[in-house]
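Student: I have a model open and would love to talk it through with you. Could we take it one question at a time?

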Amino acid sequence: MNQRLQKLQAWMKENGIEVSFITSSENVFYLSGFFSNPHERLLALAVFQEEEPFLVCPGMEVHDVKASGWNQEIIGYSDIENPWKLVHTSINKRISHVRNVAIEKEHMNVERYEQLTALFPGAAFVSAEEKMRKLRMIKDAKELKIIEEACALADYAIEVGCSEIKEGRTELEVLNAVEYALKQKGVTEMSFSTMVLTGANAASPHGNPGSTKIKKGDLVLFDLGVVVDRYCSDITRTVAYGDINDKQKEIYDTVLKGQLAAVEASKPGVTAAEVDLTARRIIADAGFGEYFPHRLGHGLGISVHEYPSMTETNPLVIEEGMVYTIEPGIYVPGVAGVRIEDDVFITADGAKVLTKFPKELQIIR
Ligand code: MN
Ligand code: MN
């Protein structure tokens, strides 16, 4: 049994939970080492306090599960079989009386929930999500190494993006060039849809790249991430194409000052709220408070958004081993949108910045 499963089992014992029925691809992967996106088909990991866990998956993936290193029971089902019957039989072989079942309530759908209530009549359903988030929040050395690799590729992507900025190029043309270069390096997946935004588009925190052409005096915002061995990176850089005006410069300098201060404030023992507020106060004092409409950042790992959530009200204490983003932004409609985002790893001495592309304003000529 691996250590992650043992930690989950210890939690189940403490809380009187007889079965954890884990169905999200990310948590199945975290606990079993097997990743699959089964679409509408059932993929699940059933964990018990003492008995052997089992993984249920589409029959055609059984070979892949074995290849991933999972050496406990695998239940494959064909497209004409009812997987719930197999689940029922396998659980009954292990335990008889179930009072509490842990599921991922945010991930579970009603159809599956009804199947489970039929399997465990009278049982209470509790959330496994909070526990899973806490387990995943602290990264081990192996996870850190993978995330560092993903961050190095994200740095490379920004470098390519900057070299592709030319008068009249569209956002999509630059985006294409960036993703092409990454695929040439063997990258198969981005953490989310790559963003290249310029001019007025950059003033929306979640804008959509399109046919807008880059022109002199514009800021260009890149927000992207690379997936390596199922782990995500996430970087944002905003660069200038030619000379920008004083207001744009002031906005850039303010975001940078807030970003650097939040990196500096990140260390074990402070709260997520204190880190967020370090940047937020600087931005508010400069008069841009209302133009910073989102949280400072988010945890990062198998999911591009996970714990900790870096909000101005989160009392969560920062610990060694956490990985999160620091990404303040200022978006003034019609003037400029600037965001600077790094991924950091928390060590005993403070934040180690994993994304290394320069943050001083880059002016592309
Ligand atoms: Mn981002
Ligand atoms: Mn982010």
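Student: Which residue bridges the manganese ion (ligand 2) and the manganese ion (ligand 1)?

Tutor: Happy to start there, and please keep in mind that this is a predicted model. The two manganese ions, ligand 1 and ligand 2, lie 3.2 Å apart. The residue that coordinates both is aspartate 234.

Student: Which residues are the protein donors of the manganese ion (ligand 2)?

Tutor: Look at the protein atoms that lie 2.1 to 2.2 Å from ligand 2. In sequence, their residues follow the spacing D-x63-H-x28-E-x13-E. Read against the chain, that pattern gives Asp234 (OD), His298 (NE2), Glu327 (OE) and Glu341 (OE).

Student: How many residues apart are aspartate 234 and glutamate 327?

Tutor: Both of them are donors of the manganese ion (ligand 2). Aspartate 234 sits in the loop between β10 (231-232) and β11 (235-241), while glutamate 327 sits in the loop between β14 (323-326) and β15 (329-332). This pair therefore links distant parts of the chain, with aspartate 234 buried at a relative accessible area of 4% and glutamate 327 buried at 9%. Along the sequence, their separation is 93 residues.

Student: What are the protein donors of the manganese ion (ligand 1)?

Tutor: Here the donor atoms lie 2.1 to 2.7 Å from the ion, and the donor residues are spaced D-x10-D-x106-E. One residue is listed twice, so watch for it as you read the donors. They are Asp223 (OD), Asp223 (OD), Asp234 (OD) and Glu341 (OE).

Student: Is aspartate 223 buried or exposed?

Tutor: Aspartate 223 belongs to strand β8 (residues 218-224). Among the residues it touches are Phe192, Thr194, Asp234, Arg339 and Glu341. Its relative accessible area is 5%, and the cut-off for burial is under 20%, so aspartate 223 is buried.

Student: Which side chain does the side chain of aspartate 223 join through a polar contact of 3.2 Å?

Tutor: Several residues are in contact with aspartate 223, including Met195, Ile235 and Thr236. The polar contact of 3.2 Å is made between side chains. The partner of aspartate 223 in it is threonine 236.

Student: Which helix gives the largest share of the largest nonpolar core?

Tutor: The largest nonpolar core has 63 residues, and those with the most contacts inside it are Leu31, Leu45, Leu55, Ile165, Phe222 and Leu224. The core draws at least three residues from each of domain 1 (3-136) and domain 2 (138-364). Its largest share is eleven residues, and these come from helix α7 (residues 141-163).

Student: Which residues does leucine 224 touch?

Tutor: Leucine 224 is one of the residues with the most contacts inside the largest nonpolar core. Leaving out residues up to four places away in sequence, its contacts are Ala154, Ala157, Ile158, Val178, Met190, Phe192, Thr194, Ser233, Asp234 and Ile235.

Student: What area is buried between domain 1 and domain 2?

Tutor: The domain assignment gives domain 1 (3-136) and domain 2 (138-364), with 35 Å between their centres, taken over C-alpha atoms. The contact takes ten residues from domain 1 and eleven residues from domain 2. Carbon and sulfur atoms give 51% of the buried area, which is about 930 Å².

Student: Which backbone oxygens does the side chain of tryptophan 70 reach?

Tutor: Tryptophan 70 lies in the loop between α3 (62-67) and β4 (73-77) and is buried at 5% relative accessibility. Its neighbours include Leu31, Leu45, Pro53 and Leu55. Its side chain reaches one backbone oxygen at 3.2 Å, that of glutamine 72. At 3.1 Å, the side chain of tryptophan 70 reaches the backbone oxygen of glutamate 73.

Student: What relative accessible area does histidine 39 have?

Tutor: Histidine 39 is in the loop between α2 (25-32) and β2 (44-48). Although it is not a glycine, histidine 39 has a positive phi of about 55°. Histidine 39 is exposed, and its relative accessible area is 61%.

Student: Which two residues does a cis peptide bond join?

Tutor: Look in strand β13 (residues 306-310), where proline 308 lies. The omega angle of the bond is about 0°. The two residues are tyrosine 307 and proline 308.

Definitions and conventions:
Residues numbered from 1 in each chain as written. Chains lettered and ligands numbered in written order. Predicted model: local features only at pLDDT ≥ 70, side-chain atom pairs only at ≥ 80, totals over all residues. Heavy atoms only, no water. Core = buried A, V, L, I, M, F, W, Y, C linked by side-chain atoms within 4.5 Å. Buried < 20%, exposed > 50% of the residue type's maximum accessible area, 1.4 Å probe, protein only. Helix = DSSP H or I, 4+ residues; strand = E, 2+ residues; numbered from the N terminus. Domains from an automatic or database assignment. Contact = heavy atoms within 4.5 Å. Donors = N, O, S within 2.8 Å, 3.2 Å for Na, K, Ca; no water. Polar contact = N/O pair within 3.5 Å; in protein donor to acceptor, adjacent residues only side chain to side chain. Buried area = accessible area lost by both parts, 1.4 Å probe.
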